[in-house]
Amino acid sequence: AGGRETPSLTPITVVLDWTVNTNHTGLYVALEKGYYREEGLDVSIITPPETGGVSLLLAGKARFAVSYQEEVTYARAAGRPVKAIATVIQHNTSGFAARVEEGIRTPKDFEGKTYGGWGSPIEEAVLKAVMAAYGADYSKVRNVTVGAVDFFAATEGEVDFMWIFEGWDGVAARLKGIPITYIPIAEIEPALDYYTPVLVTTDGYIEAHPEVVRAFLRATSRGYRFAIEHPDEAAEVLLSYAPELDPDLVRESQRYLAGQYARGAARWGEMKLEVWRRFADWLTRYGLLEGIFVPEEAFTNEFLP
Amino acid sequence: MNKKEMEPSREGVSPPVPRPVKLQAEGISMRFDDLAVLEGISFSLAEREFLCLLGPSGCGKSTLLRILSGLLLPVSGRVLLDGEEITGRTGKVSYMHQRDLLLPWKTVLDNVAVPLVLKGYGWKEAREKARAHLEAFGLKGFEAYYPSQLSGGMRQRVALLRTYLYRNDVMLLDEPFGALDAITRERLQEWLLGVVERLSTSVLLVTHDVDEAILLADRILVLSPRPGRVVAAHPVPFPRPRTREHLLTTDYLSLKANILEELRTWSR
Amino acid sequence: MNKKEMEPSREGVSPPVPRPVKLQAEGISMRFDDLAVLEGISFSLAEREFLCLLGPSGCGKSTLLRILSGLLLPVSGRVLLDGEEITGRTGKVSYMHQRDLLLPWKTVLDNVAVPLVLKGYGWKEAREKARAHLEAFGLKGFEAYYPSQLSGGMRQRVALLRTYLYRNDVMLLDEPFGALDAITRERLQEWLLGVVERLSTSVLLVTHDVDEAILLADRILVLSPRPGRVVAAHPVPFPRPRTREHLLTTDYLSLKANILEELRTWSR
Amino acid sequence: MRRSWRSTGSPFLTTVGLLAVWEAASRLGAVSPFLLPAPSAVVVELVRQAPLLLPHLGATLLSGLGGFLVGVFLGVGLALVLDAFPRLRASLYPLLVISQTIPIIFLYPLFLIWFGYGLTSKLMVVVLVCFFPVIVSLLDGLASVDPELLDLFTSMRAGWWYTFWLVRFPSALPSLFSGLTVSATYSIMGAVIGEWLGAPRGLGVYMLRAYKTFSTARVFAAILVVVVASLVVVYLVKLASCLAMPWRARRDTVTGPSRNAGDLTHMRSVP
Amino acid sequence: MRRSWRSTGSPFLTTVGLLAVWEAASRLGAVSPFLLPAPSAVVVELVRQAPLLLPHLGATLLSGLGGFLVGVFLGVGLALVLDAFPRLRASLYPLLVISQTIPIIFLYPLFLIWFGYGLTSKLMVVVLVCFFPVIVSLLDGLASVDPELLDLFTSMRAGWWYTFWLVRFPSALPSLFSGLTVSATYSIMGAVIGEWLGAPRGLGVYMLRAYKTFSTARVFAAILVVVVASLVVVYLVKLASCLAMPWRARRDTVTGPSRNAGDLTHMRSVP
Ligand SMILES: Nc1ncnc2c1ncn2[C@@H]1O[C@H](COP(=O)(O)OP(=O)(O)OP(=O)(O)O)[C@@H](O)[C@H]1O
Ligand SMILES: Nc1ncnc2c1ncn2[C@@H]1O[C@H](COP(=O)(O)OP(=O)(O)OP(=O)(O)O)[C@@H](O)[C@H]1O
Ligand SMILES: [Mg+2]
Ligand SMILES: [Mg+2]
């Protein structure tokens, strides 16, 4: 937008991690409100292929991407020069959920139930870990892969509980009037309180264009701060870019996330080394991480305003 | 296929007692869109009668046979078999098409065995029965050939044998000997006469060969050019067996000239 | 197609001066796997000569024509045209197949126009030129019909006309009149003789009708049963124009009897 | 036998019947609305969302139809080349199969990188999906021409082009149209997949967003649009097949084989 | 014309050539190894991962081949039924098209609910993908039988079954095998998609995991396995087509049309 008026704008592509959702609101606000243009950036935001946007980032087809700590960890371990430059949300807002009828209150109750996962090896490790912590036996859980099937559809069938995002599926459940029980992952296993989502770019780009990274984060940060302060207005901005989303869900989710984006942090986007190291160690402990991962190299707060 | 197979009863003058009617066509007319093809065709085919159909190319002979066999509904008119209407009903008569219509995916033997299989024989038995006839049709040694590997005349013979094996009281044959040389044709004509005799079959045979018609027929129907009408019906009063040598007698010759003249007149 | 089209030069006794050889077959043998089909066939076709090929069904006549037309390579032997070897080279002679081989997706007119288009005419012009011949072939009014809507004889006439329009100095015709009635056949035979005369074409015609061979040919080749060999070559010394009435003279009859006897002997 | 189906009727009746069963199942709670919303709900949503759906439909149609056309031309062209050069055919045939067996999900990032995030990448997905049935069916069709017809044209020294155009191509048309029907069926779907995998707009994008916000009725409204659009393309191909093959006009393949006038095969049950 | 391709050669040479280009491009850095690893890297990874890949391959083959067979039987069976009842055909044909135009991703949840989380759901995806080309090509094939052959059998009162088995089916075989080739190509892919959408194991699962951990070489190793498996299935179908149609044994469709012995069409370039 506005590229014609100011030809000196730097064109920048940002690739998302998923379908447009309230995690991305700050980006859209910054775009809509002209924060990027003020920083001399002509930003376009694109949705990623099914396999995620990092491949586009690495191929140089996007300068910034929305990712998550797990992906950055694996990427770096595989030698991919991906670096996190800001976390969108300070804490992991995901957790295990079940319809109330299932009577699942703690991981102990997972025994004898059916878990519907998307088929990642991490899920198994997480389940093992949290159940062990509660003295429960993972082998009594039936773990089925439901892939991309959503919570509401899956739990119509044999599936009893799933791993969901509180700020999205959880909000949707409330709106649909489906009472659920929810066990936040961060509460049962601190190592899993990792950053998701995070904004990333490549080592090379940081080296070549530190000023662009700085400018981008300045504008983005303004966007998220605006969303924190004006969740309803921010929700409308997002909806104007993606009117296909369910407006009620977006608005509710936005209100929830307004309190989550920078919860407990001095400034939006700041990350702690401890979080990166803890999660990587946890992965290594469960044999889920091959290769060498140096937590210090995986992220930087240097460009945050 | 030696002469003995032919009963001597057919020798002598043609039917003294009129035989009962087997197949009857009543006022059959046919048209394709704007093209009138047949107009009020009526005739009857008696039991054990051998009727030949002569007519200019395109006058509707094959169309008539399709109607008689029940494959095509005439615009008007009826077909009766033994006095019962069979217009539009198939399987009552056996019909050899003008094209050989062999199954390209079946060998000669299997093509010939098909009608027997349709009649309820198992393939093995059907093949054995069919095989017994191959020699007479000059097809021995070609059991395992596919139709595409046969000569035109061989294909026609396979088709004729197939029609014979699906025999009914009435056989409609559309130019069954067209692609055969004089000698093979003679043999098969003899064979066909034997079949008529032995099995009391009635035959309606379309041919373009006036000699053939005179040699074989009890009666010859001549059709006009399209739209086809019956313009003449000649009984052939010559004694049997008739041979090609007889074709040189004046009686034969005058009948032939007669028919040719009719065809010529009508074809103006 | 009136008589005037025929030059009178052909009347009188057959060629007084030997004409130069046009097409020559030298020791052609053919086999399909284990089946010997042709054995040492040698003959020559002179300029403007009309040669008929007689032989039992399945003796290899069509195979011989395929070899002469260059579609099939013989196991041994050569084909020469004007003294030049053309074994295995197509397009040198025109060839009418035994099957009509019309294009099912083209109308009668377009089917007939195809050879002209292949010779470089535009479709429009080709259609016009083709249309001019339809009447003579009794196909007028059927321009827009698809082959599947034609009678057997009509299809054959379309195929003959097509072959004629792709004419070369040499025409190989595989039973071109097989599916035609006596009258239509007579007309087209006359027409063909006119073509030979007018265009100085040499014709090799396969037929099963001995009368037809005697009526048309300058010379008749008789083949033995498979494997086909040339067992006799009869010059036909009768003056032209020959008519069906002439067929009753003793000279004609003895030639015919002769040929039939040869066919019969060899077919034992 | 045939008679009992006579009254069962037209595609219309079947569709209505099916919808009725589905609606009833939904109302009675036999199917969860999270999985399969009632048709009435879908239609309501369709009407409500029409202004939003239209531009998406436009984008999908553009890449779906465009990709279909490109795919068909590519398929036909490639088939001709492979047919003309049998050696090349033996060499490239496996590659064609391979092109179909690499999951699009992995190819798409490459497309995005090579062709950009615009129409082209989506188009490429459709092309990839559509060209294969065309090429296979055309090659098979070209291979099963009556060899004697080919002989005839060889004996007339017809040259490659005339032999192809007058004999082989018309003879391969029924087979080609089989392939075209399959391709047409996939065309709109291919575009939707491309949009799903990443595109600025299109019904796939709409579906994805509706799906991720758990608006099942909207997802199915979009599916309905996709289905109708696909049906239209398929029936256009059927229409084209009738127009392209006038010599067998009465033997249509959608409505079942009927035959020449007066022919009885379809009248057997008339006494 | 043809001659110039003579020496170009076999599928083997093309493949080797292509791999060489790809390897060179990778080595020279023309393609990022994050997107497209060098073939050598893929092969190394394939060998290294073989023990891990094998059980996944087993699962994929099971549902791929199983689904293919079921799909083919279903397609053939349905085609027969639709062909026998033209009214039913007109009614159901649109439903068949519809079944192909609803994105599998939305059908899959229904499959999971109806068929459970095991093999069946995956199988259903493969069946859904495979039955369609078969049914379309078989229906089209059945509709283009020589009507005079049908007449002959009608005049012999052959009954539906014999007419079908002796005339219509053999006549439709070339067309059917066209469809089978397309289906065979999709079969393994269908299984991978099913696994992708959610399955405990299979090459799709392996790929997804490898992808998520940025092991591009492993992804391509798995793709290689999928490709080879698909090619094997396709060539098995080609083999079956030769065996099923002995009367045209010498006109094979993979290696291009050749003709009867002594026939010259393929020898034109010999002087
Ligand atoms: N492609 C082939 N494969 C095997 N045998 C063949 C092939 N083509 C022809 N034959 C055999 O060659 C022999 C001669 O066939 P051809 O068609 O030349 O006979 P013909 O003299 O034309 O007979 P007709 O008068 O019946 O047409 C036949 O026995 C036939 O079976
Ligand atoms: N399906 C059809 N549609 C239109 N016209 C047809 C159809 N079938 C036949 N005809 C026409 O009907 C006429 C008679 O055809 P038919 O095949 O009965 O002739 P025929 O007497 O058998 O000729 P022949 O001796 O040449 O075989 C022809 O003019 C033909 O064009
Ligand atoms: Mg006829
Ligand atoms: Mg022949």
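This is a short talk about how two domains of chain B meet in a predicted model.

Trainee: What makes domain 1 and domain 2 of chain B separate domains?

Mentor: The bounds come from an automatic or database domain assignment, which gives 21-93 + 169-268 as domain 1 and 101-166 as domain 2. Residues are numbered from 1 along each chain as its sequence is written. Because this is a predicted model, local features need pLDDT of at least 70 and side-chain atom pairs count only at pLDDT 80 or more, while totals for chains, interfaces and linings use all residues.

Trainee: How do you know which residues are in contact, and how many are there?

Mentor: Contact means heavy atoms within 4.5 Å. By that rule, 16 residues of domain 1 of chain B touch 10 residues of domain 2 of chain B.

Trainee: What makes an area between these domains count as buried?

Mentor: Buried area is the accessible area (1.4 Å probe) that two parts lose on being put together, summed over both. Here that is about 990 Å², with carbon and sulfur atoms giving 73%. On the side of domain 1 of chain B, B:Ala179, B:Leu188 and B:Trp191 lose the most area, together 42% of what that side buries.

Trainee: Why is the salt bridge count between the two domains 0?

Mentor: A salt bridge needs a side-chain nitrogen of Lys or Arg within 4 Å of a carboxyl oxygen of Asp or Glu. The count between domain 1 and domain 2 of chain B is 0, so no pair counted between them meets that rule.

Notes
Chains lettered and ligands numbered in written order. Heavy atoms only, no water.
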